Amino acid sequence: MKDTYILAIESSCDETSCAIVKNGQEDIATVILSQIDIHTNFGGVVPEIASRQHIKNITIVIEDCLKKANMKIEDIDAIAVTYGPGLVGSLLVGLEAAKTLSLIYNKPLIPVNHIIGHIYANNIEKKMEYPLIALVISGGHTELILMKDEYEFEKIGGTLDDAVGETYDKVARVIDVGYPGGPVIDKLSAKGSYEYDLPIPLNDNSYNFSFSGLKSAVINLAHKMKQRNEKLNKENLAKSFQDVIVESITKKTIKALKDKNVKRLILAGGVAANQGIRNKLEEICKKENIEYNFPNIKYCTDNATMIGAAAYYAYKKGITATIDLNAVSNEEL
Ligand code: KG4
Ligand code: ZN
């Protein structure tokens, strides 16, 4: 069978990225320009600044990617792009670039949901097998997705309020350890011990999550200690907080796998880079005889490679878009 090369574009938040992916599995070339250094000054992503940066970077990443792959647009079979969910101004930049390329070079345009992209990050080095459950944990999402087959998605649970990555970022801001908070808290946690008692969120039998109570508990603790002039041990707080997150996430995930009688687990999204979550899930999966796959750390946070991987299967299913494709900032699975 002829090989399929997809050029993919991702610009849903603060990373401008272009990748060329072969047959949904092989990363031929990936270029990512991150804006983290700019947004760090504001303690979070500023949407207006993000879209302006994407405009500056979009042509650079596309040109660099083609150069890196030693390919021309003419060698590409289709153009893929993230159309949502994400920041609307950011999404529109990637969308306009993809639509222009598709129109000028007469290539099919494949719309990809950002969350599906995160899931297919697992397919880049090892082909996914079904049925499986995907635990999607990112800055904007916390969801359990059942996939009975290729490119079929059934949401079985999700957060009722804040996403797990958002909670990490907020807690990091409260204890003043920098942005993005996830990687910093993960590292601090490895050096700390469990000291602060925090509530286990939504400790029930559902597949849903809730993190806003935990977030408020950390904020209250930090404020109280400041008022009393007590010194907060940041490493111990990071460890106490991460332990609660790990406990909540693993409990619900393992319950879903057992109830649905599914023997495969994959992890997706920026928080999938978390060492505490990876270690705990690995330990339980081994004990429970559950096959697991966690994406390479470099494909966990936003990148266009995962979009190119997902797009291959969308294309096989005949999913293409016309030139009036629009950004959908709150798109669900
Ligand atoms: O998937 P992503 O790049 O963007 C969204 O689609 O949201 O995820 C970004 C999120 C941020 O909240 C960041 O703090 C978190 O992923 N993150 C982590 C780690 N690395 C990134 N959270 C916990 N532990 C990490 N090691
Ligand atoms: Zn993402």
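Donors here are N, O and S atoms within 2.8 Å of the metal (3.2 Å for Na, K and Ca), and since water is not among the atoms, sites may look incomplete. This is a predicted model, in which local features need pLDDT of at least 70 and side-chain atom pairs count only at pLDDT 80 or more, while totals for chains, interfaces and linings use all residues. Residues are numbered from 1 along each chain as its sequence is written, chains are lettered from A and ligands numbered from 1 in the order in which they are written, and side-chain values use heavy atoms, with hydrogens and water left out.

**View 1. The zinc ion (ligand 2) and its donor residues His114, His118 and Asp302.** Start with the spacing, which reads H-x3-H-x183-D along the sequence. Histidine 114 belongs to helix 4 (residues 114-120) and aspartate 302 to the loop between strand 10 (291-293) and helix 10 (305-316), so this pair ties together parts 188 residues apart in sequence. Helices (H or I, at least four residues) and strands (E, at least two) are DSSP runs, numbered from the N terminus. The two histidines coordinate through NE2 and the aspartate through OD, at 2.0 to 2.1 Å. Both histidine 114 and aspartate 302 are buried; that word means under 20% relative accessible area, with exposed over 50% and partly exposed in between (1.4 Å probe, protein chains only).

**View 2. Ligand 1 and its surroundings.** Look for 19 residues around this ligand, the closest being His118, Gly139, Asp169, Gly270 and Asn274; a residue counts as near if one of its heavy atoms lies within 4 Å. The side chain of histidine 114 has an N or O atom 3.1 Å from an oxygen atom of ligand 1. A backbone N or O atom of aspartate 302 is likewise found 3.1 Å from an oxygen atom of the ligand. Asparagine 274 offers a side-chain N or O atom 2.9 Å from a nitrogen atom of ligand 1.

**View 3. The largest nonpolar core, with 45 residues.** Such a core is a set of buried Ala, Val, Leu, Ile, Met, Phe, Trp, Tyr and Cys residues joined through side-chain atoms within 4.5 Å. Ile133, Leu135, Phe241, Ile245 and Ile249 have the most contacts inside it. Among the elements giving two or more residues are strand 6 (132-137), helix 7 (212-227) and helix 8 (234-259). Helix 8 gives the most, with 10 residues. Another core, of 34 residues, lies apart from this one and includes Ala80, Ile119, Leu132 and Ile266.

**View 4. Aspartate 162 and its partner lysine 215.** Aspartate 162 sits in the loop between strand 8 (154-158) and helix 5, and is buried at 11% relative accessible area. Its side chain meets that of lysine 215 in a polar contact of 2.7 Å, the term covering a pair of N or O atoms within 3.5 Å; within protein, one must be able to donate a hydrogen and the other to accept it, and residues adjacent in sequence count only if both atoms are side-chain atoms. Not counting residues up to four places away in sequence, aspartate 162 touches Thr142, Thr167, Phe211, Ser212 and Lys215, where contact means heavy atoms within 4.5 Å.

**View 5. Aspartate 75 in the loop between helix 2 (47-69) and strand 4 (78-84).** With 36% relative accessible area, aspartate 75 is partly exposed. Its side chain reaches the backbone nitrogen of lysine 72 at 2.8 Å.
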